[in-house]
Amino acid sequence: SVVGYWKLDGGAEGAFGSADGGTAFDGTGHEDLVGTEDLNPSLVTVMAWVRFAELPPADTTDWDPYIAGKTGDAGTESWVLSLGGAGGAAESTIYFSARGTGFSGANSGPHDTVLSPGQWVHVAGVFDGDALSLYLDGRLVATASVPFDAIASNPRPIRIGNSHLAPNTIDNHLKGIVDDLIVLSRPLSPTEVTAYYNSHQPYA
């Protein structure tokens, strides 16, 4: 059920110490995962480790950093792990968002988990055909029912560190490090997500 696993050993220190690498983003670039254009599972689990170097301030509404996503032009996204909100505390909230065929986008909903720059966090987004769920460090923090049973496909590759939206009035560039991105074509159970986080090892 693993349809893609990218270690992202880009030279920065990764989530598992100095022996492991991560890919750093400085707020200007991104990385497209070549060969993922046809990777469009209808049910999905997406997991990654991320360490934010900087988080959006509470008084901004125009910087929503993308961790990773099968994004596209407006209205054509498949799924996205990102920060975003309408200002205030929600601006530094992680969301798992997705779009179903013939439906507008939806997300996993609000939560009150506080993020800190410089700290590694394990992020997991799960779509099981009924709801979008978000896990942080192995703990379910948000879930929301959605009006679709399959995620829409798009022909763009998975992009890390930014969106495909251009031109865009909202900046989606990430400032931080991403490590060990995994995409599965089935929804992991809460027990499975927690077990992977607790192992604190690269995916095997």
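I began with the contacts of the protein chain in this predicted model, and among those with a separation of 6 or more, 69% are accounted for by residues 24 or more positions apart.

I then looked up how much of the protein chain is covered, and found that buried residues make up 53% of its 204 residues, buried being taken as under 20% relative accessible area. For the surface, I noted that the protein chain exposes about 8700 Å², of which carbon and sulfur atoms supply 51%.

Next came secondary structure and overall dimensions. I counted one helix and 14 strands in the protein chain. Its radius of gyration is 15 Å, which is close to the 17 Å that the globule rule gives for 204 residues, so I entered the protein chain as being as compact as a globular protein of that length. Taken along the principal axes, the box filled by the C-alpha atoms is roughly 45 × 40 × 35 Å.

I followed one sheet strand by strand: it is open, has six strands in the order β4-β13-β6-β7-β8-β9, and is paired in antiparallel fashion. At its edges I found β4 (31-33) and β9 (105-107), each of which pairs on one side only. I also noted the turn between neighbouring strands of this sheet, which is 20 degrees on average when direction is ignored.

Which strand does β4 pair with, and through how many bridges? I found three bridges joining β4 to β13 (residues 158-160), with the two strands running antiparallel. Looking for a single pair within this, I wrote down that E31 has I160 in β13 as its bridge partner.

Methods:
Residues are numbered from 1 along each chain as its sequence is written. This is a predicted model: local features need pLDDT of at least 70, side-chain atom pairs count only at pLDDT 80 or more; totals for chains, interfaces and linings use all residues. Side-chain values use heavy atoms; hydrogens and water are left out. Two strands pair if DSSP finds at least two bridges between them. Helices (H or I, at least four residues) and strands (E, at least two) are DSSP runs, numbered from the N terminus. Axes are lines fitted to C-alpha atoms, for helices over the stretch in contact, and angles run from 0 to 180 degrees between N-to-C directions. The radius of gyration is taken over C-alpha atoms; the globule rule is 2.2 Å times the number of residues to the power 0.38. Buried means under 20% relative accessible area, exposed over 50%, partly exposed in between (1.4 Å probe, protein chains only). Contact means heavy atoms within 4.5 Å. Accessible areas come from the Shrake-Rupley method with a 1.4 Å probe; for residues, only the protein chains shown count as cover.
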